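Visitor: I am new to this structure. May I ask how its sheet should be read?

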Amino acid sequence: MKNSAGREIPEQIEGYGQVKPFGGAFANYGERSKTSVKLHSVKPGENKLVETIDEVLDKVGIKDGMTVSFHHHLRNGDFVINLVMEAIAKRGVKDITVAATGIFKIHEPLVEYIKRGIITGISVNYIAPGPVATAISKGFLKKPAVLMSHGGRPRAIESGDLHIDIAFIAAPIADFYGNMNGVQGKSACGTLAYAIPDAQYADCVVAVTDNLVPYPAFPIEITQDFVDYVVKVESIGDPNGIVSGTLTVTKDPVGLRIAKLAAQVIEATGYIKEGMSFQTGAGGTSLAVAAEVRRFMKEKNVVGSFAAGGITGYMVDMLNEGLFRALFDVQCFDLKAIASMRDNVKHQKMSGSLYGNPHNKGAVVNNLDVMILGATEIDTNFNVNVVTGSDGIIIGASGGHNDTAAGSKLAIVVTNLTKGRLPVVKDQVFTITTPGETIDVLVTERGIAVNPARQDLIEKLKETDLPIVPIEELKNIAERLTGKPEPIELTDKIVAIVEYRDGTVIDVVKKPN
């Protein structure tokens with residue numbers, strides 16, 4: 001069958017089940033129900049503290065076929081996934097599904113467990129290019145991986161689409177009864193926001209800490225009433241691994257030109273205004289857009305309502321300068337953001353559900369004015385790919401991409417027109433992550449394209465001297481510079497499902513030949 005994004009999707013996929021086809025970004029709202037939760041009540045005097053992860057596995061009754069979950073606030077410094085999966089592997093347990101909010105290069109040991117059938121399923125919101133992503137692409141995983149968004153995962157947990165048997169929560173500080181936070185201790189990572197739905201809905205919740213403190217640990221982000229067991233280990237991770245990727249404003253002249261044009265679009269369309277809200281990623285060009293927006297805000301003496309998302313030190317500086325009244329933070333991207341969250345009440349944590357779940361009573365992304373996004377590819381229908389690279393290998397997942405694009409009033413993609421001698425603008429992207437109906441503007445160094453569906457923006461930008469061109473013209477320029485790439489040869493094997501934030505299937509990833 002063909003979904004509304006124009007992709008041919010099987011009605012049934014082995015290892016995944018019945019497919020709900022994507023029917024449009026705003027087609028799936030209305031009355032919803034949450035799943036029930038199974039819990040084990042705790043008597044007075046009952047001890048939650050256990051000595052080792054192995055002892056925890058005894059108590060929780062780990063067995064074949066279970067789903068275990070993890071969060072990724074320690075990013076490429078996380079030790080907990082490897083510690084837990086090593087202990088599970090030693091027991092000979094098989095057919096485990098890993099439901100992680102993020103997977104990084106440090107999690108390379110999972111590849112061996114995938115090959116041995118210990119891990120047969122993975123669901124993930126963000127996956128960095130590296131060994132696990134490549135193993136999935138090569139078809140080593142028995143079932144197709146499920147690639148979700150940051151808002152789609154809590155939606156799936158709350159609805160019962162994703163059932164977690166055991167949630168392991170890396171806790172930089174915890175007490176013996178399970179109260180924990182992420183802003184204190186040698187492994188401080190900031191908020192624990194993505195783990196909150198896991199704590200609320202998993203059958204069993206385990207706090208894994210390297211910093212056991214006297215009761216009560218405070219401030220408390222996840223409270224004792226959601227936690228079954230607490231285990232102390234030598235180290236849950238290396239906070240230096242949190243700072244992965246580009247976290248400074250680019251110095252590349254092309255990136256700076258793109259950023260300047262993007263900020264001019266925001267200004268010309270009337271979004272630099274009192275009470276504005278803003279989100280950008282942590283890439284160099286995205287932060288350069290923030291720098292230009294910052295300049296406009298100062299010139300116009302504008303105070304914004306909030307900035308949101310994964311928070312960098314750059315956004316903390318804008319808060320401290322009085323350019324925003326508050327920050328909504330779902331993950332801290334650097335140590336400055338962690339310190340700010342700990343010390344500043346205006347730096348507010350938010351759960352993954354509050355951030356982007358389309359089926360709650362109103363996500364924060366719904367109140368975003370401006371969102372700055374990246375793209376691996378974008379097509380002439382404004383569909384965006386951030387999942388697969390030019391060779392068809394998985395290099396990412398949505399993260400908050402399709403959540404923020406759908407929620408914001410002005411979703412701008414900023415990208416070089418070509419990357420690695422390949423065109424970024426194409427007739428059709430290889431994999432759709434974010435539907436074109438939620439992308440408003442594309443900004444490149446060679447010109448700006450506005451989605452024809454946004455005639456209001458087109459009318460406003462006509463009055464400027466900005467280089468507005470049809471997206472087809474950008475595609476033609478790119479192809480003249482690089483040539484048209486040869487299509488990627490594929491097998492019929494589906495290695496990953498790309499779920500839209502509402503749980504429908506917007507695309508699939510097949511194994512390259």
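Guide: Strands of a sheet pair through backbone hydrogen bonds, either parallel or antiparallel. Here, an open sheet of eight strands follows the order β16-β15-β14-β13-β17-β20-β24-β25, with mixed pairing. Two strands pair if DSSP finds at least two bridges between them; strands (E, at least two residues) and helices (H or I, at least four) are DSSP runs numbered from the N terminus. This is a predicted model, in which local features need pLDDT of at least 70, side-chain atom pairs count only at pLDDT 80 or more, and totals for chains, interfaces and linings use all residues. Residues are numbered from 1 along each chain as its sequence is written, and side-chain values use heavy atoms, with hydrogens and water left out.

Visitor: Which strands stand at the edges?

Guide: β16 (347-349) and β25 (447-450) do; each has a single partner strand, so one side of each is left without a neighbour in the sheet. From one strand to the next, the twist averages 20 degrees (axes are lines fitted to C-alpha atoms, for helices over the stretch in contact, and angles run from 0 to 180 degrees between N-to-C directions).

Visitor: How many bridges join β13 to β14?

Guide: Two bridges join β13 (residues 277-280) to β14 (residues 304-311), and these strands run parallel. F278 stands opposite A307 in β14.

Visitor: Which strands does helix α9 lie across?

Guide: Helix α9 (residues 313-320) lies across β13, β14, β15 and β16, running at about 160 degrees to β15; contact means heavy atoms within 4.5 Å. Helix α8 (residues 284-299) runs at about 155 degrees to β13.
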